[in-house]
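Student: I should like to learn how a nonpolar core is read from a model. May we begin with the structure in view?

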Amino acid sequence: MFYYQTDFDFSPSAKQYIKNIYKHKFNQNYYHDLDSSKLIDPISPPGREIIKFLSKYNLNIKYQGIMAFTSNSDTWFEGNPHVDIIRINGEQVPIRTRFNIMIEGNINDTMYWWKDISWGSDQLVQNKFTLRSGHSYDSYSIPGNSPKERWDYIGEPSDKKDKLLTPSAFVRTDCTHTVNVSPGPRLIITVAFAETFDDIVSR
Ligand SMILES: [Fe+2]
C-alpha cells in the first residue's frame with residue numbers, strides 16, 4: 001500500500017490564511033518546488049488544525065515543520081521519479097511518509113510509486129536538480145538525465161492514483177515516486193515524517 005486517503009481538510013478561514021501566505025508565488029510561472037523559505041506557524045489557525053488531526057496518529061510536525069509544494073507551471077510535465085530526503089545536521093536521511101493536503105491544483109494529477117527501488121537501494125544515484133528559480137538541490141533519484149530517461153529505466157509503476165488529494169492523504173515517499181504536474185497554480189501543504197507508512201496507517 002502506497003497511499004491512505006483521509007477526509008482531513010482545513011477550515012475555510014485556515015485555507016484563506018494559507019492562500020494569503022503563498023499568493024505572491026503565483027505572479028510568475030515556475031516549476032514546482034518545496035517552498036523552503038516559509039513554514040506554516042504551528043500556532044496559526046492552519047497549524048493548529050493540522051497538529052490536532054495528526055495527534056490522532058500520534059504524529060507531530062517536528063521533522064520538517066509544515067511546508068508547501070507550490071508551482072505555477074506554464075506547461076504540463078511528467079514528474080521526476082525520486083526518493084524523498086531531508087538533511088539533518090548535514091546528513092541525508094529519508095522522509096519515509098508525507099501527509100499532503102491540496103489547497104489548489106488539479107486533483108487529476110496522477111501520483112506513481114515503484115516499490116522495488118527504495119531508500120538504501122544501490123540503484124539510486126545522487127542527482128543535482130536545478131529549479132527554474134536557479135536554486136539547486138541534491139536528491140536521490142533514478143539513473144538518467146531527464147524524467148523520460150528515468151521512466152524508461154524504471155519501467156511500469158507498482159501503483160498509481162489520481163484524485164489522490166481529495167482533499168488529503170498519507171503517501172509513501174521512501175520508495176521511488178513522482179507526481180505529474182498540471183499547468184497553473186498548485187499549492188499542496190505537506191508534513192514529513194521519519195515513521196514508515198505501514199507503521200502510521202496501522203495506528
Ligand atoms: Fe517526493
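**Reading the core**

Tutor: A nonpolar core is a set of buried Ala, Val, Leu, Ile, Met, Phe, Trp, Tyr and Cys residues joined through C-beta atoms within 7 Å. A residue is buried if 20 or more other C-beta atoms, placed from the backbone, lie within 10 Å of its own. Here the largest nonpolar core has 40 residues, and I101, I103, I188 and I189 have the most contacts inside it. Strand 14 gives the largest share, 6 residues.

Student: On what basis are these statements made?

Tutor: The model is predicted: local features need pLDDT of at least 70 and side-chain atom pairs count only at pLDDT 80 or more, while totals for chains, interfaces and linings use all residues. Residues are numbered from 1 along each chain as its sequence is written.

Student: Which residues does I189 touch?

Tutor: Two residues are in contact if their C-beta atoms, placed from the backbone, lie within 7 Å. Leaving aside residues up to four places away in sequence, I189 touches I18, I40, I66, A68, I101 and I103.

Student: How many residues of strand 13 are buried?

Tutor: Strands are DSSP runs of E, at least two residues long, numbered from the N terminus. In strand 13, 5 of the 5 residues are buried, so the strand is largely enclosed by the rest of the structure.

Student: In which sense do strand 8 and strand 13 pair?

Tutor: Two strands pair if DSSP finds at least two bridges between them. Strand 8 and strand 13 pair in the antiparallel sense, over 5 bridges. Y112 stands opposite T178 in strand 13.

Key: Buried ≥ 20, exposed ≤ 12 C-beta atoms within 10 Å, placed from the backbone. Helix = DSSP H or I, 4+ residues; strand = E, 2+ residues; numbered from the N terminus.
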